[in-house]
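Please work through the following exercises with the sequence and the model side by side, trying each task before reading its solution.

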Amino acid sequence: MSENAPNCQEFNINGDLTEKIKKDMASEKQLNLLSDTFKALGSNTRLKIIFALSKSELCGCEIGEVTGMSKSAISHQLKILKDMRLVKYRKEGKNVYYSLDDDHIKNLFNQGMDHVSEEIG
């Protein structure tokens with residue numbers, strides 16, 4: 001244990017609480033998927049795309065226009081976001097339109113923005 005870590009003097013003071021938390025603990029699979037989701041969101045480039053798609057469904061060209069990125073860069077980032085089920089797409093004729101996979105993604109993004117905006121003021 002680190003010298004700076006809290007040191008309990010009694011073992012299992014709140015046994016009922018700790019047992020409940022252990023029982024309710026998320027599975028390793030859930031935690032791994034959540035960790036991967038946060039890793040995918042850990043890129044300014046992908047966050048720009050998420051930001052744009054939080055405002056509206058867009059085609060790839062529009063995403064490139066909004067973010068200032070090349071078509072190939074957008075394609076690469078969208079693949080990562082699609083693989084992580086953060087973004088979905090639909091085809092209309094020759095165009096492909098992208099949107100956030102569901103409201104959970106929009107809410108997660110907006111909550112994060114609210115949090116960092118508190119620090120900025």
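## Exercise 1: The sheet

Cys 59 stands opposite Tyr 97 in strand 3. Starting from this pairing, work out in which order the 3 strands lie in the sheet and which strands are at its edges.

Solution. A word on the basis comes first: this is a predicted model, in which local features need pLDDT of at least 70 and side-chain atom pairs count only at pLDDT 80 or more, whereas totals for chains, interfaces and linings use all residues. Residues are numbered from 1 along each chain as its sequence is written, and side-chain values use heavy atoms, with hydrogens and water left out.

Step 1. Helices (H or I, at least four residues) and strands (E, at least two) are DSSP runs numbered from the N terminus, and on this basis the chain has 6 helices and 3 strands, arranged along the sequence as α-α-α-β-α-α-β-β-α.

Step 2. Two strands pair if DSSP finds at least two bridges between them; strand 1 and strand 3 are joined by 2 bridges and run antiparallel, while 6 bridges connect strand 2 to strand 3 (residues 95-100), again antiparallel.

Step 3. The result is an open sheet in the order 1-3-2, with strand 1 (58-59) and strand 2 (87-92) as edge strands, each pairing on one side only.

Step 4. Helix 3 (residues 44-55) packs on this sheet and touches strand 1, strand 2 and strand 3, its direction making about 95° with that of strand 3; contact here means heavy atoms within 4.5 Å, and the axes are lines fitted to C-alpha atoms, for helices over the stretch in contact, with angles from 0 to 180 degrees between N-to-C directions.

Step 5. Tyr 97 is also the bridge partner of Arg 90, and in the hairpin of strand 2 and strand 3, with 2 residues between the strands, Gly 93 has a positive phi near 65°.

## Exercise 2: The cysteines

How many disulfides does the structure hold?

Solution. Step 1. A disulfide is taken as a pair of cysteine sulfur atoms within 2.5 Å, and the structure holds 0 of them.

Step 2. Cys 59 is in no disulfide, the nearest cysteine sulfur being that of Cys 61, 4.9 Å away.

Step 3. Accessibility adds to the picture, with buried meaning under 20% relative accessible area, exposed over 50% and partly exposed in between (1.4 Å probe, protein chains only): Cys 59 is buried at 13%, whereas Cys 61 is exposed at 61%.

## Exercise 3: The aromatic pairs

Which kind of pair do Phe 51 and Phe 109 form, and which kind do Tyr 89 and Tyr 98 form?

Solution. Step 1. Rings of Phe, Tyr and Trp (its six-membered ring) pair if their centres lie within 6.5 Å, and planes under 30 degrees apart count as stacked, over 60 as edge-to-face and the rest as tilted; by this rule there are 2 aromatic pairs.

Step 2. The ring centres of Phe 51 and Phe 109 are 5.9 Å apart and the planes stand at 70°, so this pair is edge-to-face. Phe 51 belongs to helix 3 and Phe 109 to helix 6 (residues 103-120), 58 residues apart, so that the pair links distant parts of the chain. Phe 51 is partly exposed at 39% relative accessible area, whereas Phe 109 is buried at 11%.

Step 3. For Tyr 89 and Tyr 98 the centres are 6.3 Å apart and the planes at 45°, so the pair is tilted. Tyr 89 is partly exposed at 46%, Tyr 98 is buried at 11%, and Tyr 89 stands opposite Tyr 98 in strand 3.
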